[in-house]
Every structure is written in C-alpha cells, then in structure tokens.
Amino acid sequence: MLVFNHKRRSYRELPIRYAELGLVHRHELSGSLNGLLRVRAFTQDDAHLFVRKDQIQREVDHVLNLIDDIYSKFGFSYEVELSTRPENYMGSIDLWDKAEQSLEEVLKQRGMAYRINEGDGAFYGPKIDFHILDSLGRSWQCGTVQLDFQMPEKFNCRYINEQNELEFPIIIHRAIFGSVERFLAILVEHYAGEFPLWLAPEQVRIIPIADKHVAYAEEVKKALAANGYRVKVDDRAEKMGLKIRESEKQKVPYMMIVGDQEVEKQMVSVRKRKEGDLGQLLIDEVLNLLKVE
C-alpha cells in the first residue's frame, strides 16, 4: 500500500503488480504442528495487483493461467472453490455481489468446474481457492486469488481516472504455492521422494570404483556441470555395493559408475533409478539422454 501511495498514480499505469516472497508468522498450537505441512513461520509467494474495475476479469484470468501452468508442470490435478461473503464482512453488500459475480464470470468463461464454498471468503472480499490433489488423492489448499475492495479505501490508495477524478483501485491478492514449505512437503509426498530429473536436488551421482578413477570421475562431473546439471562424485573409501545402495535409497535419478574400462573408452556405465543398468555411454550420449528427459 505504501509503495503504491508514494506517488500520484494515473489510470494509464494500472495494472500495477507487486510480488514478494514474504515470511509469515502464525501462532499455531503446538499439537497441530506437522512437519513442513503446518508450521509457525512460513514463506508465502504473495502478490498484490492494483487494477481498475474494467481490468478485474482479465487480470484474474491471467492469474488462473499462471496457476494452471505451474501446477501442471508438477503433474498436479486440482479442484477449484469459490468462497463467498462471510458473516463478518467489511464493505457494502453491493460491492460484494459485484466482486463475487466478477470471479464467477471468469470461471464460467474458462469452462472450469468449481464448487461454491458459502460464507468462507476473506473479510475483505471473495476468493477462488485451489486444492491440489497429491498422488494418493489427498486434497491440499495452496493457491488463492482474492478480490479486495476494502484495503485500498483503508489505506487511501487512489489513482487519477480518465475523467481526471480520484478513484480507488481494486486489489487482487494472489498466491500460487501458498506456503512454499508446505508445497515442498506436498511434492515430497506426491513423488514419494522420487523427484523427476528436472526437480531432483541431486540429478547425477558419479561413483568411481577405485581412487585411481576419481580424476576421471571429476572430469565427467565437470562436463555435466558445465551443461547445468546438479552432480556429485562419491569418492568415499567405501564398498561399491554400499555406495550404489545409498544412491538408490536417496532416490538419485542417475548413477554413473567409472572404472578401468570406462576410463580407457572415455565412457560411463549408466544406471537409471527404477530401470537399472543402461550400459556404457559416451559423455555426449549421456548429455543427450539427460537433455531429452
């Protein structure tokens, strides 16, 4: 609100979009805390869009596109809920009716299936909530798009409209992940820890058979890292079986084993998570394999 108010605004500037990763604190009762799923401090991917009345539907539509794009990248299906005026609402019923109608029209135009959640809106405006379904079909509320007619008035946020008069903008609150920590916890559950290659924190683990193979393993690591892959060399003085078992347990997508043969042929023996041995490949073939996936 203060950033918006720091200078006089024209209708030509709107929409103005601000976003932040903001740390939020909530006094949850100790018994209700649950890993990363319910915590007392979390990071919210919060955005506030200052819009004119004639821009509401277009901006909400853009946000719905963004939510759909991001959730589909992670392989989530989701359900949509339109939450309407609660008992302890602020502002006039007329404004509320218009706001609810605007959100409902966008959902109808997009042909989205949704259910009405009567009286569960925020005190300052109605909202569209997104419940993502994990691999077990459990529902988690993450994304939200909320219309707010109240806050601009409370903070006296105004812009000069086309008639050269002062007018209150409307604020759209939106979060895609909701709580970043909870979203990560849901992802771990959704993939059962087996992150797809693009998302895995460690994508490739190179395992040299003996100390004399470490130098070549480091060369392979350098080639993969230069192409943007997250890769580690396991050069511990441990048995091969243990290293392979640990890598499988930690669900690293690809293991690359290097010994005398691999050094001689300038290749690597590739093992893929769940699929097992893919045989010996040249570094260029490995890069191509990773790129395709």
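The following paragraphs lead the reader through the sheets of this structure, the helices that lie across them, and two of its residues. The model is a predicted one.

It is convenient to begin with the sheet of seven strands. This sheet is open, and its strands follow the order S2-S3-S10-S7-S6-S4-S5, with mixed pairing. At its edges are strand S2, residues 16-25, and strand S5, residues 115-117, each of which pairs on one side only. From one strand to the next, the twist averages 25 degrees.

Strand S7 deserves a closer look. In the order of the sheet, S7 stands between S10 and S6. With strand S6, residues 127-133, S7 pairs in the antiparallel sense, and six bridges join the two. One bridge can be located by its residues: leucine 133 has serine 139 of S7 as its partner. S6 and S7 together form a hairpin, with five residues between the two strands. Within the turn of this hairpin, glycine 137 has a positive phi of about 80 degrees.

The other neighbour of S7 is strand S10, residues 170-179; the two strands run antiparallel and are joined by five bridges. Two pairs of facing residues help to trace this pairing. Threonine 144 stands opposite alanine 175 in S10, and leucine 147 stands opposite isoleucine 172 in S10. When following such a strand by eye, it is useful to remember that side chains in a regular strand alternate between the two faces of the sheet.

Is strand S7 largely enclosed or largely open? Of the ten residues in S7, which spans residues 139-148, seven are buried, and the strand is therefore largely enclosed by the rest of the structure.

Helices contribute to the surroundings of this sheet. Helix H3 lies across S4, S5, S6 and S7, and its direction makes an angle of about 155 degrees with that of S4, residues 77-83. Helix H5, residues 180-191, lies across S2, S3, S6, S7 and S10, and runs at about 40 degrees to S10. Both H3 and H5 thus lie across S6 and S7.

H3 also packs with another helix. Helix H2, residues 56-73, and helix H3, residues 93-109, have axes 10 Å apart and meet at an angle of about 55 degrees. Because of this angle, H2 is oblique to H3. The crossing of H2 past H3 is right-handed. On the H2 side, the residues in contact are Ile56, Gln57, Val60, Asp61 and Leu64, and they meet Ser102, Leu103, Glu105, Val106, Leu107 and Gln109 of H3. Sorted by class, this contact comprises six nonpolar, three polar and two charged residues.

A residue of strand S4 offers a view of the sheet at the level of single side chains. Serine 83 belongs to S4. Its relative accessibility is 0%, so serine 83 counts as buried. Leaving aside residues up to four places away in sequence, serine 83 touches Asn117, Asp120, Gly121, Pro126, Lys127 and Asp129.

The structure also contains an open sheet of three strands, in the order S1-S8-S9 and with mixed pairing. Its edge strands are S1, residues 9-10, and S9, residues 166-167, each pairing on one side only. S1 pairs with strand S8, residues 159-160, in the parallel sense over two bridges. In this pairing, serine 10 has isoleucine 160 of S8 as its bridge partner.

A second helix pair is formed by H6 and H9. The axes of helix H6, residues 214-226, and H9 come within 11 Å and cross at roughly 40 degrees. H6 and H9 are therefore oblique to each other, and H6 passes H9 in a right-handed crossing. Which residues of H6 and H9 meet? Tyr216, Val220, Ala223 and Leu224 in H6 are in contact with Ile283, Val286, Leu287 and Leu290 in H9. This contact has eight nonpolar residues, with no polar and no charged ones.

Helix H9, residues 283-292, also contains leucine 289. With a relative accessibility of 28%, leucine 289 counts as partly exposed. Not counting residues up to four places away in sequence, leucine 289 touches Tyr254, Val270, Leu278 and Leu281.

Terms used:
Residues numbered from 1 in each chain as written. Predicted model: local features only at pLDDT ≥ 70, side-chain atom pairs only at ≥ 80, totals over all residues. Heavy atoms only, no water. Axes fitted to C-alpha atoms, helices over the stretch in contact; angles between N-to-C directions. Helix = DSSP H or I, 4+ residues; strand = E, 2+ residues; numbered from the N terminus. Parallel < 35°, antiparallel > 145°, perpendicular 65-115°, else oblique. Left-handed = near helix turned anticlockwise from the far one by under 90°. Contact = heavy atoms within 4.5 Å. Nonpolar A, V, L, I, M, F, W, Y, C, P; charged D, E, K, R; others polar. Buried < 20%, exposed > 50% of the residue type's maximum accessible area, 1.4 Å probe, protein only. Pairing = 2+ DSSP bridges.
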